[in-house]
Amino acid sequence: MAISRRDFLKKGAFGAISVAMLGNGVSDLFGQKSSSPLRFGIIGVGSRGTGLLTVLLNIPNTTVTAICDMNKANLDNAIKIVEKMKGTTPAGYSKDEYDYRNMLKRDDVDAVLIATSIKWHAIMSSDALKANKHVGCEVPGGYTEEELTRLIKARETSGRHYMLLENYNYFRANMAVYNMTQKGVFGETYFAECAYLHETDFLNFNPDGSLTWRGELRKNTHGNWYATHEIGPVSKWLGINEGDRFKYLVCMQTEPRMAHIHAVQKFGAQSEQAKIKFKTGEMITTLIYTEMGKVIRVDFGPFSPHPQSVYYSVQGTKGGYDSRAGVYIEGVSPNEKWEDAEKYLVKYENSYWQQEKAKAEEAGHGGSDYFVMRDFVEMVRQDREPWIDVYDSAAWSIIYKCTQTSLEHKSAPVDIPDFTGGRWKDASWRKDNMKPL
Ligand SMILES: NC(=O)c1ccc[n+]([C@@H]2O[C@H](COP(=O)([O-])OP(=O)(O)OC[C@H]3O[C@@H](n4cnc5c(N)ncnc54)[C@H](O)[C@@H]3O)[C@@H](O)[C@H]2O)c1
């Protein structure tokens, strides 16, 4: 049945699109456009923030009015990109590490994109929500239970929206498998594996030999501090926060050796860098148990000499998917044989990929950067809760602290906090959120 624009707004068919937002002069889902674009501010324009800046500016009816980075060279470079792509000069903030708060006072910023080092993510997100800005934040969303709880409170009291920019959920295969799980192709899903193995020792040191923020993190902490790439897609496949939740986990890691070996290779056995004792091991394996009795295995490997390897699997009562093997559906697939996944990925292709594959492939990370930014922009445009909301951000990000605690107690089980206040029990409590089906 066709639905008119008027009915759409009246019935709120896609959730809470505010008339005020439409009145603000942006285009709605029906493509009704007016003159003023959505105005973004960006905090952190290093490697990732600069990449996302260009993806953002390529999305129609968007502009960047302000940029903050303590690193003046990075800031100037980002300002030049906006000037080149939009013909306007955004305001720059680089006085000190809290100058972003001055940027948040601006009236010409509707939403803020955060891509700084991780320790700032939760505090900056909370500050931006309190300043009445929508937020899109890079991964993970924060570290501690306290700051993630404060973030949730800021989101719930501000009336603005928050999205965790977890691009790995938007990979073509991961979105098709999400469709398959929603359509019950695998039956009830009960087990999943996810892994992010990427030899990134080159990110430990600055060119002058000092530690980068990642190097500091790896020196001072252990545990899986980068779990959202792994856990994000499988959480959606298993209905985490929608009928289930993470209950507890156990974690083991190998005794650190590779970070030291890399430091010796790069700076020499007698160097200061060779004396650094890194706490992060090369392989960190976590098992998560859920309230509904499901199990997830999460592997994180930042240092091993190994081609970059990101893989996922999900198993259900009728069959399963393994990105390394294929798809098996009992009674459909040949007995005891994996089928080529591609046949299923085409059949269950997500509408995002059906409609905008070519555009996505121009962006980074296999097209996922385009879709994650497009959903962020849509969240702002529609004034509506996103698919990956603040509750997902908190549940996925707290894995780091819980794995750390488990490691400190000989891999003991550690309870995982519930950030939804029990709302996870109702599988449809987020039915008005955006959902890429
Ligand atoms: N989703 C992905 O695929 C992906 C890929 C890479 C990085 N990331 C995430 O993106 C974030 C940035 O990573 P990166 O590789 O670009 O790091 P980076 O070090 O290259 O850039 C970080 C930038 O933030 C700035 N900054 C830090 N604290 C600041 C403050 N208080 N105020 C203003 N500016 C500040 C730094 O000066 C720097 O320019 C990290 O959280 C990382 O986890 C995500």
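Begin by selecting Gly239, just after helix H10, where the residue takes a positive phi of about 75°. The model on display is a predicted one, and the tour proceeds from this glycine back through H10, on to Thr221, and finally to the ligand.

**Helix H10**

Next, select residues 228-238, the span of helix H10. How many of the residues of H10 are buried? The count is 11 of 11, and the helix is mostly covered. The buried residues of H10 include the charged or polar names Glu230, Ser235 and Lys236, and also Ile231, Val234, Trp237 and Leu238. Colouring the helix by residue will also bring out Gly232 and Pro233, again buried.

**The loop before H10**

Move to Thr221, which is found in the loop between helix H9 (213-220) and helix H10. Is Thr221 buried or exposed? Its relative accessible area is 11%, and the cut-off for buried is under 20%, so Thr221 counts as buried.

Display the side chain of Thr221 and look for two polar partners. The backbone oxygen of Leu217 lies 2.8 Å from a polar atom of this side chain. The side chain of Tyr400 makes a polar contact with the side chain of Thr221, at 3.4 Å.

Now extend the selection to residues distant in sequence. Leaving aside residues up to four places away in sequence, Thr221 touches Lys279, Thr280, Tyr400 and Gln404. Add Gly281 and draw a C-alpha to C-alpha distance from Thr221: the two residues are 60 apart in sequence and 9.7 Å apart in space.

**The ligand**

Select the ligand, which sits in the largest pocket. Helix H3 (47-57), helix H6 (121-130) and H9 are the elements that give two or more residues to the shell around the ligand. In total, 26 residues surround the ligand, and the closest are Arg48, Asp69, Asn74, His121 and Trp213.

Three distances to the ligand merit display:

- From a nitrogen atom of the ligand to a polar backbone atom of Glu97: 3.0 Å.
- From an oxygen atom of the ligand to an N or O atom in the side chain of His121: 3.0 Å.
- From an oxygen atom of the ligand to an N or O atom in the side chain of His365: 3.3 Å.

As a last step, show the surface of the ligand. How much of its accessible area does the protein cover? On its own the ligand has 860 Å² of accessible area, and the protein covers 88% of this.

Key:
Residues numbered from 1 in each chain as written. Predicted model: local features only at pLDDT ≥ 70, side-chain atom pairs only at ≥ 80, totals over all residues. Heavy atoms only, no water. Helix = DSSP H or I, 4+ residues; strand = E, 2+ residues; numbered from the N terminus. Buried < 20%, exposed > 50% of the residue type's maximum accessible area, 1.4 Å probe, protein only. Contact = heavy atoms within 4.5 Å. Polar contact = N/O pair within 3.5 Å; in protein donor to acceptor, adjacent residues only side chain to side chain. Near = heavy atom within 4 Å. Areas by Shrake-Rupley, 256 points an atom, 1.4 Å probe, with all protein chains shown as cover. 1 Å grid on protein atoms, 1.4 Å probe; cavity = no way out; pocket = protein on both sides within 12 Å on 5 of 7 lines; lining within 4 Å. Sits in = over half its atoms within 2 Å of the grid points.
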